[in-house]
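Welcome! Below are some short exercises to work through with the model open beside you, each followed by a worked solution.

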Amino acid sequence: QVQLVESGGGLVQPGGSLRLSCTASGSILSIYVLGWYRQAPGNERESVANVTYGGVTNYADSVKGRFTISRDNVKNTVYLQMNSLKPEDTAVYYCSAKTIVPPNYWGQGTQVTVSA
């Protein structure tokens, strides 16, 4: 069992920055991938970025060069640093954890709104 708690969402102007945090608890040694997804109203949930326990990262094309995902294995925390934010980035952002044994786990989501 894994529990995920997210923080860091909010309202920011275009071109601004936010850093999202997600801390995992429970069976943390079973987690091999941590990631971030987002979902805008009327859209399907899409992958934004993920990072393995060993530090291998992947990004959606839409955020490459602007977002950075990282994890602290001591603090059991994954971060998403979001720079040069655009209105198109507005969505609910969800933390995800993939474990050796399914199912995957999800946080409750945190709202990111990019608007003037």
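**Exercise 1: backbone oddities**

At 42% relative accessibility, Ser84 counts as partly exposed, where buried means under 20% relative accessible area, exposed over 50% and partly exposed in between (1.4 Å probe, protein chains only). The model is predicted, so local features need pLDDT of at least 70 and side-chain atom pairs count only at pLDDT 80 or more, while totals for chains, interfaces and linings use all residues. Residues are numbered from 1 along each chain as its sequence is written, and side-chain values use heavy atoms, with hydrogens and water left out.

Task: find what the phi of Ser84 is and which loop holds Ser84.

Solution.
1. Ser84 has a positive phi of about 50 degrees, although it is not a glycine.
2. Ser84 is found in the loop between β8 and β9; strands are DSSP runs (E, at least two residues), and helices are runs of H or I with at least four, numbered from the N terminus.
3. Now look at Asn76: here too a residue that is not a glycine has a positive phi, about 55 degrees.
4. Asn76 belongs to the loop between β7 and β8 and is partly exposed, at 24% relative accessibility.
5. Finish with the peptide bond from Pro102 to Pro103, which is cis, with omega near 10 degrees. Pro103 is in the loop between β9 and β10.
6. For background, most residues other than glycine have a negative phi, and most peptide bonds are trans.

**Exercise 2: rings and a charge**

Task: work out how the rings of Tyr37 and Trp106 are arranged.

Solution.
1. Searching the whole structure gives one aromatic pair. Rings of Phe, Tyr and Trp (its six-membered ring) pair if their centres lie within 6.5 Å; planes under 30 degrees apart count as stacked, over 60 as edge-to-face and the rest as tilted.
2. The ring centres of Tyr37 and Trp106 are 4.9 Å apart and the planes stand at 70 degrees, so the pair is edge-to-face.
3. Tyr37 is in strand β4 (residues 31–39) and Trp106 in strand β10 (residues 105–106), 69 residues apart, so the pair links distant parts of the chain.
4. Trp106 is partly exposed, at 38% relative accessibility.
5. Add Arg45: its charged end sits over the ring of Trp106, 4.6 Å from the centre, and also over the ring of Tyr94, 3.8 Å from the centre. The test is that NZ of Lys or CZ of Arg is within 6 Å of the ring centre and within 35 degrees of the ring normal.

**Exercise 3: the disulfide**

Task: say which handedness the disulfide of Cys22 and Cys95 has, and why.

Solution.
1. Take a disulfide as a pair of cysteine sulfur atoms within 2.5 Å; the count comes to one.
2. Cys22 is joined to Cys95, S to S 2.1 Å.
3. The torsion about their S-S bond is about -85 degrees, so the disulfide is left-handed.
4. Cys22 lies in strand β3 and Cys95 in strand β9, so the pair ties together parts 73 residues apart in sequence.
5. Both Cys22 and Cys95 are buried.

**Exercise 4: a strand residue**

Task: decide whether Val112 is buried or exposed, and list its contacts.

Solution.
1. Val112 lies in strand β11.
2. At 0% relative accessibility, Val112 counts as buried.
3. Leaving aside neighbours within four places in sequence, the contacts of Val112 (heavy atoms within 4.5 Å) include Leu18, Leu20, Met82 and Tyr93.
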